[in-house]
Amino acid sequence: MIGIIVTGHGRFASGLASSIEVIAGKQDKFEAIDFPVGSTNTDLAEELKQALERLDCSDIIFCTDIAGGTPFNQSVILSTHLANSKVISGTNIPVLLEALFSRTNQTASSLAEILVDSHQSRIQVFQSRSTPTNISKLAGGIGE
């Protein structure tokens, strides 16, 4: 099974991990590594290394928030020392869910390709098909 490490600025990783647990339950071979204010590159690198040791997987995907940010850069540096790893950026809940549920019988490389192909164009804008209602008529809340 592919190990998945989610990391990002602030409490990005633990926030996503919390949402994943609510939606899909506790996940095996999954680590969330935050990069809180006051942490250094060295602190983050050490935490990522420890997560790799806990996962003990031959294939690893690092799911990061922003390409070029410290969590991304530290993941890239670590990935250069691993035979079967990939680093992706732009991680969100749908990306993580797909990674977790699609990782069986995949390699890090094939899973990264699946994630990029299926989520590159998934940002959506809600388009109402009805006439706007005066907000004061919604006093009881939406749906009442």
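In this predicted model, helices H1 and H4 cross in the right-handed sense. Helix H1 covers residues 12-24, and helix H4 covers residues 93-102. Their axes lie 10 Å apart, at an angle of about 60°. That angle makes H1 oblique to H4. On the H1 side, the contact is formed by Leu-16, Ser-19, Ile-20, Ile-23 and Ala-24. On the H4 side, the partners are Ile-93, Leu-96, Leu-97, Leu-100 and Phe-101. Nine of the residues in the contact of H1 with H4 are nonpolar and one is polar. None is charged.

Helix H4 also packs against helix H5, which spans residues 108-119. The axes of H4 and H5 come within 10 Å. They cross at roughly 140°. H4 is therefore oblique to H5, since the oblique class takes in angles that are neither over 145 degrees nor in the other named ranges. This crossing, too, is listed as right-handed. H4 contributes Pro-94, Val-95, Glu-98, Ala-99 and Ser-102 to the contact. H5 contributes Leu-111, Ile-114, Leu-115, Ser-118 and His-119. By class, the contact of H4 with H5 holds six nonpolar residues, three polar residues and one charged residue.

A further helix pair is formed by H2 and H3. Helix H3 runs over residues 70-79, and helix H2 over residues 41-55. The axes of H2 and H3 come within 10 Å and cross at roughly 55°. H2 and H3 are therefore oblique to each other. H2 passes H3 in a right-handed crossing. From H2, the contact draws on Asn-41, Leu-44, Ala-45, Leu-48, Lys-49 and Leu-52. From H3, it draws on Thr-70, Pro-71, Gln-74, Ser-75 and Leu-78. The residues of the contact of H2 with H3 comprise six nonpolar, four polar and one charged.

These helices belong to a chain with both kinds of element. The protein has five helices and four strands. Read from the N terminus, the elements follow the order β-α-β-α-β-α-β-α-α. The four strands make an open sheet. Across this sheet the order is S2-S1-S3-S4, and the pairing is parallel. Strand S2 (30-35) and strand S4 (85-88) are the edge strands. Each of these two pairs on one side only. From one strand to the next, the twist averages 15°.

The pairings can be followed strand by strand. S1 and S2 pair in the parallel sense over six bridges. Here Ile-4 stands opposite Phe-30 in S2. S2 is mostly covered, with five of its six residues buried. Strand S3 (residues 60-64) pairs with S4, again in the parallel sense, over four bridges. Lys-86 in S4 is the bridge partner of Ile-61. Helix H2 lies across three of the strands, namely strand S1 (3-9), S2 and S3. H2 runs at about 175° to S2.

One residue of S3 illustrates the setting of the sheet. Thr-64 is placed in strand S3. Its relative accessibility is 0%, so Thr-64 counts as buried, a class that requires under 20%. Leaving aside residues up to four places away in sequence, Thr-64 touches Thr-7, Phe-12, Pro-71, Phe-72, Ser-75, Val-87, Ile-88, Ser-89, Gly-90 and Thr-91. Among these partners, Pro-71 and Ser-75 also take part in the contact of H2 with H3, on the H3 side. Gly-90 is 26 residues away from Thr-64 along the chain. The C-alpha atoms of Thr-64 and Gly-90 are nevertheless separated by 6.4 Å.

Values for the whole protein complete the description. The protein has 144 residues, and 38% of them count as buried. Among contacts in the protein with a separation of 6 or more, 71% join residues 24 or more positions apart. Taken along the principal axes, the C-alpha atoms fill a box of roughly 60 × 40 × 30 Å.

Key. Residues numbered from 1 in each chain as written. Predicted model: local features only at pLDDT ≥ 70, side-chain atom pairs only at ≥ 80, totals over all residues. Heavy atoms only, no water. Pairing = 2+ DSSP bridges. Axes fitted to C-alpha atoms, helices over the stretch in contact; angles between N-to-C directions. Contact = heavy atoms within 4.5 Å. Parallel < 35°, antiparallel > 145°, perpendicular 65-115°, else oblique. Left-handed = near helix turned anticlockwise from the far one by under 90°. Nonpolar A, V, L, I, M, F, W, Y, C, P; charged D, E, K, R; others polar. Buried < 20%, exposed > 50% of the residue type's maximum accessible area, 1.4 Å probe, protein only.
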